[in-house]
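Here is my note on the model you sent round. Please read it with the structure open.

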Amino acid sequence: MTQDGTPAQAGLENLLHESRSFPPSPEFAAQANAQPALYEAAAADRLGFWADQARDLLTWRKPFTETLDWSGAPVARWFADGTLNAAYNAVDRHVAEGRGDRVAIHFEGEPGDTRTLTYSDLLREVSRAANALAALGVSTGDRVVIYLPMIPEAVIAMLACARLGAPHSVVFGGFSADALRSRIADAEAKVVITADGGFRRGAPSALKPAVDEALVPRDGVESPVAHVLVVRRTGQDTAMAEGRDVWWHDALESADVTHEPVWVEAEHPLFILYTSGTTGKPKGILHTTGGYLTQTAYTHKYVFDLKAESDVYWCTADIGWVTGHSYVTYGPLINGATQVIYEGTPDSPHQGRWWEIIEKYKVTILYTAPTAIRTCMKWGEDIPATFDLSTLRVLGSVGEPINPEAWMWYRRVVGGDRTPIVDTWWQTETGAIMISPLPGVTAAKPGSAQVPLPGIVADVVDDEFRSVPDGGGGYLVLSEPWPAMLRGIWGDLERFKDTYWSRFPGVYFAGDGAKKDDDGDIWLLGRVDDVMNVSGHRLSTTEIESALVSHDAVAEAAVVGATDETTGQAVVAFVILRSDHAEALGTTDEDEIIQILRNHVGKEIGPIAKPKRILVVAELPKTRSGKIMRRLLRDVAENRAVGDATTLADSSVMDLIAKGLSK
Ligand code: WT7
């Protein structure tokens, strides 16, 4: 359901008639990390349970004595009097405890180049990178922006920052120079770590020019960035600004291979990660150290049933999203896992590339997004059938609701009808998985994330904040603080309170619609606000509208997320052109105009935000108070009969739009 009461994704209602259930095999259940007792332990003493996890999974420099301080709600303090270091936990202690020769990262570049990094290798590289950053003036508390492709240096850079207690802010490499600029400015970053480029669909794709553009002073304001550290990946020609830009390999070569980690308090900021909200300005989600690491390690161990000595784990997410933070960098490395990192797209150079990688590295745990599964479904099951996928034993899904068809295909074609599937619900804000089946315990239902993890308390409530009965629907809330919860929005405490804590008293409002089935299991139904989910990536309708109206030719714009078979939702924009648009555009050809505007959005935000369709209209449907009725536009975008339009200020507008589109 969306705010105006329509299903965010048509067909989701069908989910609720899904009655298949897949209990774990007795063999899997017997060997699983998670046993039913985990729920009992957490229910008996929730805070004690989390304290046990924090002690069990992390190495503390100074042990904590207090588990949770909620007196400053909604800003939580977990394990606050303890000290630790994230990089020490992810790397050093494995080496110190005799696991230095274990492979940490099997890297597979898109062109087919490979690198293997053991935990000892990682320790050396992270230490050198930390020394190199320190030499560039980075010290504890300084922010560092990371803008890199999916190469080992992305993980090394994050850990080097964490080693210094310098919060990193990773910006997805697919974001534009403008998006990078605004994130650098908001975080007041001192250093940017980037690369000459990365390989994408068989060709080198430059990154450094976007950094150069983002650092040019604008409106008389200098960039806060003093240095740019540049990894050489593609070898393409790269301009280096004298005194500002430094090659990563030069800086690391001269850096010492040992580095004493900076021991920070548990509540020391670990990272800021920007994500789209309901307004035009992305929110800098702030995560701190002790609680975040506790919950990422805990979830990674139990939800994926990780056996660090024998599993080969692969999460396909990019480091630019929270999934890459929690389930590529921190969770797996804290747990001493061996993982695969792949640079490119699933279809380069052929549509079997993922399955080839699974066969090659004998991957046992795969974590990916429904949109990728649907894309592979479209390519056909003959492709995975030609590879040996028999090593797989747990499959995970994240980012958006997974439709039962995709779930069943994932289990049958990829999982050989034997693997448990974990459909994991969480958000950038929650930091780690919150709602998910536990393999070995939960009888899985295709399409449902089902149950809050042990230690997590969630509910579905109606408009009046009443818990809905089984069979009922409403809004998902998180009723008790959790260790990996965000500690705020960078520099904007009011927005933090307003966005998440004002809708219902004392509980966290997730922004998702949800339903409880007759067993009380939770089914996520999509966003209830103006946030879209395209291929598991979060985009704001308002942000794309602002990008469109920033073009001289556009008078007004309205953006909706329309249901899309592959990407979940697709961006559809309705624009009103200014009467003098021909001047601004140099054309009156509608196809050309649409192309120009799509590219404009790509430049303002990034290629992922480009509308799939742009419809030029004469009017937009608005209520008497001037609010755009996106519900009606969604009807048009999804080729449905237009719903109730009686609250429109001018009820003929929808006719006008329909007429305009059919010409
Ligand atoms: C939004 C969060 C969590 C990392 C990737 C996305 C949607 C996420 C599921 C799921 C249904 C899901 C929600 C949520 N979502 N996982 N398993 N089932 N919906 O992180 O960009 O912060 O987006 O993604 O709508 O609010 P994000």
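The points below take up the ligand shell, one annotated lysine and one helix pair.

1. Status. This is a predicted model. Please keep that in view throughout.

2. Ligand shell, residues. The ligand has 22 residues around it. Those that come nearest are P401, Q427, T428, L524 and R538. By class, the shell holds nine polar residues, eight nonpolar and five charged.

3. Ligand shell, elements. Four elements each supply at least two residues to the shell. One is a helix, α12 (322-334). The others are the strands β20 (421-424), β24 (508-516) and β25 (522-527). Which of them gives the most? It is β24, with three residues.

4. Annotated lysine. UniProt carries the feature "modified residue: N6-acetyllysine" at K627. The entry is unreviewed, so the annotation may be inferred rather than shown by experiment. In the model, K627 sits in the loop that runs between β30 (613-616) and α21 (630-637). Is K627 buried or exposed? K627 counts as exposed, because it has 12 C-beta neighbours inside 10 Å and the cut-off for exposed is 12 or fewer.

5. Helix pair. Two packed helices are described by the angle between their axes and the distance between the axes. For α5 (residues 86-96) and α7 (residues 152-164), the angle is about 120 degrees and the axes lie 7 Å apart. That angle makes α5 oblique to α7, because 65 to 115 degrees is the range for roughly perpendicular and over 145 the range for roughly antiparallel. The crossing of α5 and α7 is left-handed.

Notes. Residues are numbered from 1 along each chain as its sequence is written. This is a predicted model: local features need pLDDT of at least 70, side-chain atom pairs count only at pLDDT 80 or more; totals for chains, interfaces and linings use all residues. A residue is near a molecule or strand if its C-beta atom, placed from the backbone, lies within 6 Å of it. Ala, Val, Leu, Ile, Met, Phe, Trp, Tyr, Cys and Pro count as nonpolar, Asp, Glu, Lys and Arg as charged, and the others, Gly among them, as polar. A residue is buried if 20 or more other C-beta atoms lie within 10 Å of its own, exposed if 12 or fewer, and partly exposed in between; C-beta atoms are placed from the backbone. Axes are lines fitted to C-alpha atoms, for helices over the stretch in contact, and angles run from 0 to 180 degrees between N-to-C directions. Angles under 35 degrees count as roughly parallel, over 145 as roughly antiparallel, 65 to 115 as roughly perpendicular and the rest as oblique. A crossing is left-handed if the near helix is turned anticlockwise from the far one by less than a right angle, and right-handed if clockwise.
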